[in-house]
Amino acid sequence: MTGLNAIYRRELAAYFQTPLAWVFLTVFAIAAPSLTWQTGRLFETGRADLAPLFDYLPWLLLVLMPALAMRAWAEERDRGTLETLLASPVALWEVAAGKFLAAWTVAGLALALTFPLWIAINWLGSPDNAATATAYFGALLLAGGYLAIGQALSATTTNQVIAFVLGAAACLLITLAGLPLVLDAMSAWLPGAAAEALAELSALSRFESLRRGVISLPDIAYFLSLIVLGLACAMTLIDARRGGGR
């Protein structure tokens, strides 16, 4: 665990020693309230809840999480520091977990920046705070799933821009899979069971139940599985390159 802690502190410091984390947090702090107030028309709904925020949060996260994850492995490979890192007395799982937890911490800080909205709706009315807390928990899990996917794809390239594009595309696919429009289109081409299986893979569908305040073990297991699968893929790809340079 010492190795995990060292990698976590190294990666977290790296985010804040460059403009990446500051730009990311600034963009999130501006975009989330803007979507909630302007596009979601929070104060015109007549309801004391954060539904407009959680309506747009998955779409914001699927763009910003790959941006946060793109440097994880691509930067190490581009700078030629990956071999040095792998030669250090730190297990590969500790490196992968440390990188993921550091990025997840930054994502958690970004979500915390929306707490003034929560305070505002409590001032305006009497919202269901338990449901709102569950929705934030779901958003954190969703962000973790997107980060894990982004970091796995970061391990496939030395170019951070390519890593971002691949990560955003993958996150978009698992998000779109739950939309009725996509499911209706797939139903015309796939057997009913296959279309239902596709819907089960949707991150958006899993997030929807959590944002309504419903805590479901299958939904939590889905996001945790997504995180574990993403980290396992990243470790497999990096391990395959061990000793192979870039």
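User: How should I read the burial of a charged pair here: are K99 and E11 buried or exposed?

Analyst: Burial is read from the relative accessible area, and under 20% counts as buried. In this predicted model, K99 is buried, and E11 is buried as well. For E11 the relative accessible area is 2%.

User: What joins K99 to E11, and at what distance?

Analyst: The two form a salt bridge, with the closest N and O atoms 3.1 Å apart. This pair links distant parts of the chain: K99 belongs to helix α6 (residues 92-112) and E11 to helix α1, with their positions 88 residues apart in the sequence.

User: Which residues does the network of salt bridges around this pair contain?

Analyst: Salt bridges are followed through the partners they share. Here they join R10, E11, R71, E75, E76, R79 and K99 into one network. The structure as a whole holds 10 salt bridges.

User: How does E11 meet R71?

Analyst: Their side chains form a salt bridge at 3.0 Å, N to O. E11 lies in helix α1 and R71 in helix α4, so this pair ties together parts that are 60 residues apart in sequence. Both E11 and R71 are buried.

User: And R10: what is its salt bridge with E11, and how accessible is R10?

Analyst: The side chains of R10 and E11 meet at 2.5 Å, N to O. R10 is partly exposed, with a relative accessible area of 37%, whereas E11 is buried.

User: How do I read a pocket, and what is the volume of the largest pocket?

Analyst: Take the volume, then the residues that line the space, then their classes. The largest pocket holds about 250 Å³ of space. Its lining has 13 residues, and those nearest the centre are A14, T18, R71, E75 and R79. Helices α1 (2-17) and α4 (71-79) are the elements that give two or more residues to this lining. R71, E75 and R79, listed among the residues nearest the centre, are also members of the salt-bridge network.

User: How does the lining of the largest pocket divide by class?

Analyst: Six of the lining residues are charged, four are polar and three are nonpolar.

User: What does the second largest pocket look like in the same terms: which residues line it?

Analyst: The second largest pocket has a volume of about 160 Å³. Its lining consists of D49, L50, A51, F54, D128, A131, T132, A135, R211 and R212. Two elements, α3 (51-69) and α8 (129-154), give two or more residues each. The most come from α8, with three residues. By class, five lining residues are nonpolar, one is polar and four are charged.

User: R211 is in that list. How do I read the helix α12 that holds residues 203-211?

Analyst: Count how many of the helix residues are buried. In α12, seven of the nine residues are buried, so the helix is largely enclosed by the rest of the structure. The buried ones are A203, L204, R206, F207, S209, L210 and R211. R211 is thus named both among the buried residues of α12 and in the lining of the second largest pocket.

User: What is found at the start of α12, and what follows the helix?

Analyst: The ends of a helix are read from side-chain contacts with the backbone and from backbone angles. At the start of α12, a side-chain oxygen of S202 comes to within 3.2 Å of the backbone nitrogen of L204. After the helix comes G213, whose phi is positive, near 95 degrees.

User: How do I read a single polar residue such as S154: where is it, and is it buried or exposed?

Analyst: S154 is in helix α8. It counts as buried because its relative accessibility is 0%. Its side chain reaches the backbone oxygen of M70 at 2.9 Å. Apart from neighbours within four places in sequence, S154 is in contact with A69, M70, R71, A72, W73, A74 and A163. R71 in that list is also the salt-bridge partner of E11.

User: What is the overall make-up: how many helices and strands does the protein have?

Analyst: There are 13 helices and zero strands. Buried residues make up 48% of the 246 residues. Of the contacts between residues at least 6 apart in sequence, 79% join residues at least 24 apart. The E11 and K99 pair, 88 residues apart, is a salt-bridge case of a link between distant parts of the chain.

Key. Residues are numbered from 1 along each chain as its sequence is written. This is a predicted model: local features need pLDDT of at least 70, side-chain atom pairs count only at pLDDT 80 or more; totals for chains, interfaces and linings use all residues. Side-chain values use heavy atoms; hydrogens and water are left out. On a 1 Å grid over the protein atoms alone, a cavity is a set of points where a 1.4 Å probe fits but cannot get out, and a pocket is an open set with protein on both sides within 12 Å along at least five of seven lines; lining residues have an atom within 4 Å of a point. Grid points are joined across faces, edges and corners, and a volume is the space filled by probe spheres set on the points. Helices (H or I, at least four residues) and strands (E, at least two) are DSSP runs, numbered from the N terminus. Ala, Val, Leu, Ile, Met, Phe, Trp, Tyr, Cys and Pro count as nonpolar, Asp, Glu, Lys and Arg as charged, and the others, Gly among them, as polar. A salt bridge is a side-chain nitrogen of Lys or Arg within 4 Å of a carboxyl oxygen of Asp or Glu. Buried means under 20% relative accessible area, exposed over 50%, partly exposed in between (1.4 Å probe, protein chains only). A polar contact is a pair of N or O atoms within 3.5 Å; within protein, one must be able to donate a hydrogen and the other to accept it, and residues adjacent in sequence count only if both atoms are side-chain atoms. Contact means heavy atoms within 4.5 Å.
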